[in-house]
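Here is a short tour for anyone who likes to know how a chain is put together before working with it. Please keep the viewer open while you read.

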Amino acid sequence: MADDTKERIFQWLGNFTTSAEAPDKYLPIFKNKKIFEVLSKEKIKRVLIIGGGTCKSEQKILKTLKFKNLSLFSCDVVKPKVYETEVVKTITWIEGKISEDQVFKFSHKFDILICLATSRYFKNPFNLLANLRKHLKKNAVIIFDFYYLPPVRQKVVNVMNNWLLSEWKKDEKNAQKKLLTLSLISKELARLAKNSKIVVKDEISELGIFKGKSNIQSIIYESIFPFWSRENASLKKVSSLLTWQFLSIGNNTSKMKITNYSKKNHIKIVSLEQISKDTNILIGLN
Ligand SMILES: C[S@@+](CC[C@H](N)C(=O)[O-])C[C@H]1O[C@@H](n2cnc3c(N)ncnc32)[C@H](O)[C@@H]1O
């Protein structure tokens with residue numbers, strides 16, 4: 001029988017009003033992109049969204065790009081929670097999960113692919129992209145992001161990933177209880193580290209520690225262990241955010257690797273930009 005532990009965790013996360021989705025975080029990158037001004041908008045009809053969750057981020061991006069009358073196909077275990085507007089004329093939920101090495105059975109070829117904050121849950125994001133491209137038309141727009149963690153955090157996240165999946169498989173309720181303990185520790189660490197800053201003079205870039213004034217909590221969060229907290233956040237909210245982190249898989253997807261991959265596989269790079277310490281977004285043409 002197929003192991004659906006991961007899907008069950010994603011579904012559990014879908015119950016929280018607070019998710020890892022932050023619709024506005026991508027928008028700056030799509031403003032002033034000449035490519036979208038010259039694309040023939042009339043010809044672009046079908047959008048494939050992989051891991052869109054509620055699809056709120058994706059809908060905002062499509063609106064920013066001034067698309068109209070699109071048919072949106074969202075493939076996720078989570079149901080999209082957007083409604084038809086002048087940007088999106090129809091919404092089809094392809095309920096289920098994508099795997100990086102199975103050929104999918106979509107009935108169409110698509111004009112745009114959007115896969116954001118999702119390839120991080122796959123062992124090999126390049127395989128996922130290769131597989132998805134089989135469903136794109138020539139010159140389709142590819143919007144795909146890659147997760148890139150410093151080495152220590154990469155290893156830690158992978159340990160936590162194995163831990164979470166095996167605990168959840170054994171006993172879901174107990175795993176949730178253990179996550180609450182981690183959240184409690186996380187919140188306490190955050191409280192203690194709240195006002196601690198450090199000035200790094202000699203950076204250790206290979207460990208993801210860079211020059212300048214940083215918050216201790218940020219250094220730990222970004223380079224070592226993803227403890228997360230915001231004052232007043234409930235334990236449940238913290239545990240859902242930790243769970244998003246633990247579900248991801250650390251990969252070596254540097255900009256250089258993405259560039260080489262794109263060249264080798266004939267993806268025309270329109271832009272490749274870092275939007276946060278851990279994420280590079282590729283916009284390209286198929
Ligand atoms: C962090 S959310 C990102 C949501 C949205 N794209 C955004 O950026 O705001 C990741 C989404 O990927 C979905 N996901 C993870 N693995 C998947 C898979 N194998 N197939 C389809 N969806 C998947 C999860 O269910 C979740 O909704």
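What follows covers confidence, domains, a helix pair and some paired strands.

The model is a predicted one. Its chain has a mean pLDDT of 88, with 93% of the residues at 70 or more. Looking element by element, the lowest mean pLDDT, 67, belongs to helix H3 (residues 34–38), while helix H10 (residues 255–264) has the highest, 96.

Two domains divide the chain: domain 1 spans 19–148 + 252–285, and domain 2 spans 151–247. Their centres, taken over C-alpha atoms, are 27 Å apart.

Next, the helix pair. Helix H7 (residues 172–193) and helix H9 (residues 235–247) have axes that come within 8 Å and cross at roughly 100°. Angles of 65 to 115 degrees count as roughly perpendicular, so that is how H7 and H9 lie to each other. On the H7 side the contact includes Leu179, Leu180 and Ser183, and on the H9 side Leu235, Val238 and Leu242 are among the residues met. By residue class, this contact of H7 with H9 holds 7 nonpolar, 4 polar and 1 charged.

Now to the strands, where E9 pairs with E5 and also with E8.

| Strand pair | Sense | Bridges |
|---|---|---|
| E5 (residues 136–147) and E9 (residues 279–285) | antiparallel | 7 bridges |
| E8 (residues 268–276) and E9 | antiparallel | 7 bridges |

Two individual bridges are handy to find in the viewer: isoleucine 142 partners glycine 284 of E9, and serine 276 partners threonine 279 of E9. Between E8 and E9, the link is a hairpin through 2 residues.

Key. Residues are numbered from 1 along each chain as its sequence is written. This is a predicted model: local features need pLDDT of at least 70, side-chain atom pairs count only at pLDDT 80 or more; totals for chains, interfaces and linings use all residues. pLDDT is the predictor's confidence in each residue, from 0 to 100. Helices (H or I, at least four residues) and strands (E, at least two) are DSSP runs, numbered from the N terminus. Domain bounds come from an automatic or database domain assignment. Axes are lines fitted to C-alpha atoms, for helices over the stretch in contact, and angles run from 0 to 180 degrees between N-to-C directions. Angles under 35 degrees count as roughly parallel, over 145 as roughly antiparallel, 65 to 115 as roughly perpendicular and the rest as oblique. Two residues are in contact if their C-beta atoms, placed from the backbone, lie within 7 Å. Ala, Val, Leu, Ile, Met, Phe, Trp, Tyr, Cys and Pro count as nonpolar, Asp, Glu, Lys and Arg as charged, and the others, Gly among them, as polar. Two strands pair if DSSP finds at least two bridges between them.
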